[in-house]
Amino acid sequence: DPLKFSLADFGWNDNPDVLAPPEDFQEWSHDPAVAMGMSLYEQPLQSSPKPRTRIRNGFDGEERDTINLTSYNYLGLSTHPEVVEAAKQAADEYGLSASGAAMLSGTFDLHEEFAQQLADFKQKDACMLFSSGLGGNMGAMQGLLRKGDVLVIDSKCHRSVVDGGTLSGAKLATFDHNDAEHLDAVLDKYSDKRKLVVVEGVYSMDGDLCDLPAINEVCKAHQTPIYIDEAHSTLMFGENGRGVAEHFGLEDQVGISFGTLSKSFGGVGGFVCANEAIIRYMKYYASPFQFSCALPPPIVAGMMKSLEVATRDSTLRDKMWDNVAYFKENLEALNLDLGETESQIIPIIIGSDGRQLYSMAIQCQQRGLFLQPVDFPAVEAHARRFRISVSSQLTKEDIDEACNIIEDVIAKPLGTVGG
Ligand code: PMP
């Protein structure tokens, strides 16, 4: 039981009230279904995050070769030979660490060059780099918002935006997912306040797109700037891979564009692009930028190569979209609930039964499929699910094999296919 501990673990035996876990936590963490779910978290991968990954199962302790549908390595760039070589060369030249925060000693020529490349790519003047995507969103919210302002977010926005908003001291207001009319009402309510609207290009748990055309109209009418989180859409959507804003032809309407390097780029880190004045201003308030070590130089060099490889032609992206189409076709034949997906993120919505979800995940893995469950509070409790991340590196045979396992372990027990 991974969550069983006593106060002795805190070293304060003689003061039992200090940091004692609340009773509801104790109760919840000892629920056998929760323990089964917990066994699936932090399972160590024994090889790179490729479509074939060796993994140690947390439930039975066995190591198995699996088809990996869980990693974010959408374009396979994490293991791309040119990317890895660029990182190796930078490690030789610069060492492993930036050894300082960006403002002090952590900005290298590589950081400066890469930030400008990203700004040019996103067609903005300037860009700031963060050592994580989460830190990037949090830092941007702190950077832009003050007490008295209102942060207006889509109800499905990522936790990093919520946490950053809270730290900024701004009031947090949500509008119903992709509902431009509701957004209009929320903006009306705060008409006398400074506001920022935050949306995602591709929503991370459902794989649907932001209704940017409708949202943009409302924001324009209220003269409220838009911040778009393109974590899952950069290098994937738009003719040049610049994201969902490009896909809709609305890049010039979106003042601030966020991206992460941990997904299609195959690395780690976050970036925010905007005009020069906004970026300069944000830097003075964004604590994940000011008070944290800058990105490691080998990662920056690798990510420069990722950008080059992914944008010099559309081979990887085309392969990925081919795989998405093939995967969806096969899953649709199983009559599964795939929600409203329009992207490389494909949910399989199971419902409210967490125990069934975990049990299916364990069986999938025992059959050779690494497919992680997503539970409340990451998604609503009635819509627990699996979430497939399609990679360009999957072969049709991988997808066929995965769908056979999904049919046996998920579709048949749910009664969506016969037999
Ligand atoms: N925004 C969105 C929409 C995300 O899905 C994530 C990560 N899942 C992040 C931001 C944070 O990015 P990172 O994992 O690179 O810190």
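These questions and answers walk through a predicted model, from its domains to its sheets, ligand shell and unusual residues.

Me: Into which domains is the chain divided, and how many Å apart are their C-alpha centres?
Reply: Domain 1 covers 31-68 + 315-414. Domain 2 covers 80-312. Their C-alpha centres are separated by 28 Å.

Me: Which element gives the most to the side of domain 1 that touches domain 2?
Reply: In domain 1, 15 residues are in contact with 11 residues of domain 2. Two elements give two or more residues to that side of domain 1: helix 14 (315-332) and strand 10 (345-351). The top contributor, with three residues, is strand 10.

Me: How do the residues on the side of domain 1 that touches domain 2 divide by class?
Reply: There are 15 residues of domain 1 in contact with domain 2. By class they split into seven nonpolar, four polar and four charged.

Me: Which strands are the edge strands of the open sheet of seven strands?
Reply: The strand order is 3-9-8-7-6-4-5, with mixed pairing. An edge strand pairs on one side only. That gives strand 3 (126-130) and strand 5 (171-175).

Me: What is the average twist from one strand to the next in this sheet?
Reply: The sheet is open and has seven strands. From each strand to the next, the twist averages 20°.

Me: In which sense do strand 7 and strand 8 pair, parallel or antiparallel?
Reply: Strand 7 spans residues 226-229 and strand 8 spans residues 256-260. Tyr 227 stands opposite Ile 256 of strand 8. Three bridges link the two strands, and the sense is parallel.

Me: Which residue in strand 9 is the bridge partner of Cys 127?
Reply: Strand 3 and strand 9 run antiparallel and are joined by five bridges. Within strand 9, Cys 127 has as its bridge partner Cys 273.

Me: Which residue in strand 9 is the bridge partner of Thr 260?
Reply: Strand 8 pairs with strand 9 in the antiparallel sense, over four bridges. Thr 260 has as its partner there Gly 270.

Me: Are the residues of strand 9 buried or exposed?
Reply: Gly 270, Val 272 and Ala 274 point one way from strand 9. Phe 271 and Cys 273 point the other way. Of the five residues of the strand, five are buried.

Me: What angle does the direction of helix 11 make with that of strand 3?
Reply: Helix 5 (residues 109-121) lies across strand 3 and strand 9, at about 125° to strand 3. Helix 11 (residues 276-283) also packs on the sheet, touching strand 3, strand 8 and strand 9. With strand 3, the direction of helix 11 makes about 30°.

Me: Which element gives the most to the shell around the ligand?
Reply: The ligand has 13 residues around it, and Gly 133, Ser 204, Ala 231, Thr 260 and Ser 262 come nearest. By class, the shell has two nonpolar, nine polar and two charged residues. Three of its residues come from one element, helix 6 (residues 133-144).

Me: Which strands stand at the edges of the open sheet with the order 1-2-11?
Reply: The pairing in this sheet is mixed. Each edge strand has a single partner, so one side of each has no neighbour in the sheet. These strands are strand 1 (52-56) and strand 11 (369-370).

Me: Which residue in strand 2 is the bridge partner of Arg 56?
Reply: Strand 1 runs antiparallel to strand 2 (residues 63-68), with five bridges between them. In strand 2, Arg 56 is partnered by Glu 63.

Me: Which peptide bond is cis?
Reply: Pro 377 sits in the loop between strand 12 (373-374) and strand 13 (384-389). Omega of the cis bond is about 10°. The bond joins Phe 376 and Pro 377.

Me: Is Gln 223 buried or exposed?
Reply: Gln 223 is in the loop between helix 9 (212-221) and strand 7. Its phi is near 50°, positive in a residue other than glycine. Gln 223 has 8 other C-beta atoms within 10 Å, so it counts as exposed.

Me: How does Asn 335 count for exposure?
Reply: Asn 335 lies in the loop between helix 14 and strand 10. Its phi is also positive, near 55°. Because Asn 335 has 13 C-beta neighbours inside 10 Å, it counts as partly exposed.

Technical notes: Residues numbered from 1 in each chain as written. Predicted model: local features only at pLDDT ≥ 70, side-chain atom pairs only at ≥ 80, totals over all residues. Near = placed C-beta within 6 Å. Nonpolar A, V, L, I, M, F, W, Y, C, P; charged D, E, K, R; others polar. Pairing = 2+ DSSP bridges. Axes fitted to C-alpha atoms, helices over the stretch in contact; angles between N-to-C directions. Contact = placed C-beta atoms within 7 Å. Domains from an automatic or database assignment. Buried ≥ 20, exposed ≤ 12 C-beta atoms within 10 Å, placed from the backbone.
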